[in-house]
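Colleague: Thanks for making time for this. Could you take me through the model, one question after another?

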Amino acid sequence: MKKILWVGMALFLPLFFASCASNYKTLYNWDAYSTQTYKYIKGGDEEDTEKLFEVYQKVIDGQEGTIRETIPPGVCADYGYLLIKAGKIQEGKELLLKEKELYPESARFVDSVIRKIER
């Protein structure tokens, strides 16, 4: 009897745990955003800035398979602002406008930033 119980548990438990580890979707894919942002804020050298730009691009491009399948809020605005600070004004402005398109509630913030860079 004990042998049957152990065999049954040996067959049942792996199936149980496999069902717990199902493939679930996340709301957004943030990639290494938080880690690289922290490094940028702490160090802020040119290498950290370039890596952060790469992470932003991965976050923007890598939303397939997520629940919303769109760019997370604030990413385009943040990336656009950093591009403007780096002298890439047109690219930054396009990303700010993309943020405004995706998240209309950000219009007030985006419009104020665009007004400041156009002065």
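Modeller: Gladly; here are your questions with my answers, and please keep in mind that this is a predicted model.

Colleague: Let's start with the overall make-up. What pattern does the protein follow along the sequence?

Modeller: The secondary structure comes to six helices and zero strands. Reading along the sequence therefore gives helix after helix, under the definition used for these elements. The pattern is α-α-α-α-α-α.

Colleague: And how much of the protein counts as buried?

Modeller: A residue is called buried when its relative accessible area is under 20%. Applied to the 119 residues of the protein, that gives a buried share of 30%.

Colleague: Now a pair of helices. Is H3 roughly parallel or antiparallel to H4?

Modeller: Helix H3 covers residues 46–61 and helix H4 covers residues 75–85; they pack with their axes 11 Å apart, at an angle of about 150°. Angles over 145 degrees count as roughly antiparallel. That makes H3, relative to H4, roughly antiparallel.

Colleague: Which class of residue, nonpolar, polar or charged, has ten members in the contact of H3 with H4?

Modeller: On the H3 side, the residues are Leu-52, Phe-53, Tyr-56, Gln-57, Val-59 and Ile-60, and they meet Val-75, Cys-76, Asp-78, Tyr-79, Leu-82 and Leu-83 of H4. By class, one residue is polar and one is charged, while the ten others are nonpolar.

Colleague: Why is H4 described as largely enclosed by the rest of the structure?

Modeller: In H4, Val-75, Cys-76, Ala-77, Tyr-79, Gly-80, Leu-82, Leu-83 and Ile-84 are buried. Their cover includes helix H2 (33–42), H3, helix H5 (89–102) and H6. H4 is largely enclosed because the buried residues number eight of its eleven.

Colleague: Which residue with a positive phi follows H4?

Modeller: Look just past the helix for a phi near 95°. The residue that follows H4 with this positive value is Gly-87.

Colleague: One more residue, Asp-111. Which side chain does its side chain make a polar contact with?

Modeller: Asp-111 lies in helix H6, residues 107–118, and counts as partly exposed because its relative accessibility is 25%. Its partner is eleven residues away in sequence, with 8.6 Å between the C-alpha atoms. The side chains come to 2.7 Å in a polar contact, and the partner of Asp-111 is Lys-100.

Definitions and conventions:
Residues numbered from 1 in each chain as written. Predicted model: local features only at pLDDT ≥ 70, side-chain atom pairs only at ≥ 80, totals over all residues. Heavy atoms only, no water. Axes fitted to C-alpha atoms, helices over the stretch in contact; angles between N-to-C directions. Helix = DSSP H or I, 4+ residues; strand = E, 2+ residues; numbered from the N terminus. Parallel < 35°, antiparallel > 145°, perpendicular 65-115°, else oblique. Contact = heavy atoms within 4.5 Å. Nonpolar A, V, L, I, M, F, W, Y, C, P; charged D, E, K, R; others polar. Buried < 20%, exposed > 50% of the residue type's maximum accessible area, 1.4 Å probe, protein only. Polar contact = N/O pair within 3.5 Å; in protein donor to acceptor, adjacent residues only side chain to side chain.
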